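Trainee: I would like a close look at one part of this model. Please take a helix and its surroundings, and then the charged pairs.

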Amino acid sequence: MINRDRDRLLIVEDDDGLCRQYRWAFPGRTVLTANSRAQAMDVLQEERPAVAIIDLGLPPDPDGVSEGFATLHDLLEICPDMKVIVATGNGAKRNAIHAIGHGAHDFYEKPVDIDVLRLIVDRAFRLFDLETENRALGAIVGSSPIKTVITAADSMLKVCRDIEKLAQTDVPVLLLGDSGTGKEVLARALHDLSPRAAGPFIAINCGAIPEHLLESELFGHERGAFTGAVRQTLGRVELAQKGTLFLDEIGDLPQSLQVKLLRFLQEHVIERVGGRKSIPVDARIISATNQDLEHLVETQRFRMDLFYRLNIVAVRIPPLRERPGDAVLLGRYFLSRFSRESGRRVIGLSGAAVAALAAHQWPGNIRELENRIRRGAIMAEGRFVEPADLELAPADVAIPDLRTARQRAEREAIQLAIAHSQGSIALAAKHLGVSRPTLYALIESLGIADLVKTSYANGQPETITESEDQ
């Protein structure tokens with residue numbers, strides 16, 4: 001069935017007889033005609049057709065190609081996604097190369113063979129539909145309740161709902177998950193959805209700063225506190241006043257600083273390095289790690305009292321490999337974004353690329369996916385990204401033959417109908433729209449008679465014998 005929003009076909013041809021021929025040659029399409037570039041532009045503004053067939057020899061240059069190429073340029077300037085097929089008697093090879101090089105979808109030399117041209121047009125419409133679908137999917141930001149999180153996986157949607165609930169409280173939250181799963185994105189969401197959203201969001205990676213500098217980074221220092229301390233400097237904790245402090249990789253926090261952080265969590269005061277004045281700070285703490293903090297506590301590398309202060313509520317973020325469908329969803333989103341940023345006209349992911357994304361285990365999670373998609377957007381030679389562009393191996397897609405697929409569907413339908421009918425063959429046959437003898441024969445041929453009997457042997461109707469059902 002042709003999509004009525006995408007079935008418009010524009011014919012730009014100065015031969016009225018050929019225009020009439022085109023009209024009946026494409027049943028089911030809305031055929032729009034124009035005899036000149038100016039008329040084509042008028043039609044384009046009103047109708048926005050998906051596909052166009054244009055002649056190169058148009059007035060005022062019917063014997064040349066200049067007006068035809070100008071028309072091609074103007075059509076694609078206004079509708080860059082339109083599929084333009086050049087069908088002309090000016091079939092010089094250089095014209096074909098020039099047309100394709102300047103954005104034409106295909107080139108067809110007259111005289112017209114309607115069957116061949118119809119095939120080319122149908123392919124153009126299919127490609128237009130596919131590209132439109134890819135753009136739409138790329139624009140999807142998921143059904144997540146958090147606008148910065150793109151997901152359709154139940155496990156991740158639950159995380160988002162938990163973040164929404166926790167945002168309204170002021171308790172410390174510990175985010176647990178592998179590297180690259182989006183812990184900082186969720187920490188920012190906790191802040192943005194909270195009553196502290198108007199305050200600062202201050203993040204610090206506890207594993208990225210040398211130990212001898214980390215105390216000053218966290219708590220600040222007074223002038224003269226150490227060599228090089230030429231002025232008073234506020235630390236990250238103090239800068240988070242009335243806002244949120246995000247401590248990433250909290251498992252890497254040195255034990256010497258764990259005591260000082262614990263005091264802040266208990267008393268909400270800090271002391272700058274080299275200072276003796278207690279400074280009250282009102283900041284919410286969100287921490288994150290990819291390490292097993294409980295194991296660090298057991299091996300005495302992390303203080304138990306600090307662990308329980310930080311772990312009032314823990315949120316576990318599933319890795320990308322445990323989020324079915326999200327790799328493809330995120331891949332399309334990233335591709336759409338990178339294509340816009342780079343100005344490249346990469347339409348979407350090929351079917352093989354989609355299969356490869358779904359099959360990959362993603363040890364680097366979303367960070368790895370983002371990097372691979374960025375590479376694919378740059379390296380793609382065609383309009384679709386292929387697995388090689390992503391440096392992924394093509395996935396082995398098992399496609400069952402029709403007979404196997406049909407038997408599987410019949411088996412599932414019969415089992416569902418019998419279960420719904422509490423074992424009554426007569427009622428199951430009615431649900432399935434077949435006679436009882438036909439249903440008996442199907443049960444036998446599919447080899448599920450024993451399975452059906454077993455399912456209803458325990459206190460359920462014994463069924464599945466014709467004499468009982470009659």
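Mentor: What follows starts with helix α6 and moves on to the sheet and the salt bridges.

This is a predicted model, in which local features need pLDDT of at least 70 and side-chain atom pairs count only at pLDDT 80 or more, while totals for chains, interfaces and linings use all residues. Residues are numbered from 1 along each chain as its sequence is written, and side-chain values use heavy atoms, with hydrogens and water left out.

Helix α6 covers residues 154-167. Helices (H or I, at least four residues) and strands (E, at least two) are DSSP runs, numbered from the N terminus. The axis of α6 comes within 8 Å of the axis of helix α7 (residues 183-192), and the two cross at roughly 35°. Axes here are lines fitted to C-alpha atoms, for helices over the stretch in contact, and angles run from 0 to 180 degrees between N-to-C directions. The crossing of α6 with α7 is right-handed, that is, the near helix is turned clockwise from the far one by less than a right angle.

On the α6 side, Met-156, Val-159, Ile-163, Leu-166 and Ala-167 meet Leu-186, Ala-189 and Leu-190 of α7; contact means heavy atoms within 4.5 Å. By class, this contact has eight nonpolar residues and no polar or charged ones. Ala, Val, Leu, Ile, Met, Phe, Trp, Tyr, Cys and Pro count as nonpolar, Asp, Glu, Lys and Arg as charged, and the others, Gly among them, as polar.

α6 also lies across β6, β11 (284-289) and β12, running at about 155° to β12. These strands belong to an open sheet of five with parallel pairing, in the order β7-β8-β11-β6-β12. Because β7 (201-205) and β12 (313-316) stand at the edges with a single partner strand each, one side of each is left without a neighbour in the sheet. From one strand to the next, the twist averages 20°. Strand β6 (residues 173-176) pairs with β12 in the parallel sense over four bridges; two strands pair if DSSP finds at least two bridges between them. Leu-176 has Arg-316 in β12 as its bridge partner.

α6 carries a charged pair as well: the side chains of Lys-165 and Asp-162 meet in a salt bridge (3.7 Å, N to O). A salt bridge is a side-chain nitrogen of Lys or Arg within 4 Å of a carboxyl oxygen of Asp or Glu. Both residues lie in α6, three residues apart, about one turn of the helix. Lys-165 is exposed at 58% relative accessibility; buried means under 20% relative accessible area, exposed over 50%, and partly exposed in between (1.4 Å probe, protein chains only).

The structure holds 24 salt bridges. One of them joins the side chains of Asp-122 and Arg-29 (3.3 Å, N to O). Asp-122 lies in helix α5 (residues 114-139) and Arg-29 in the loop between α1 (16-25) and β2 (30-34), so this pair ties together parts that are 93 residues apart in sequence. Asp-122 is partly exposed, at 26%, whereas Arg-29 is buried, at 18%.

The side chains of Arg-236 and Glu-217 also form a salt bridge (3.2 Å, N to O). Arg-236 is partly exposed, with a relative accessible area of 24%. Finally, Asp-170, Arg-196, Lys-242 and Asp-282 are linked in a network of salt bridges.
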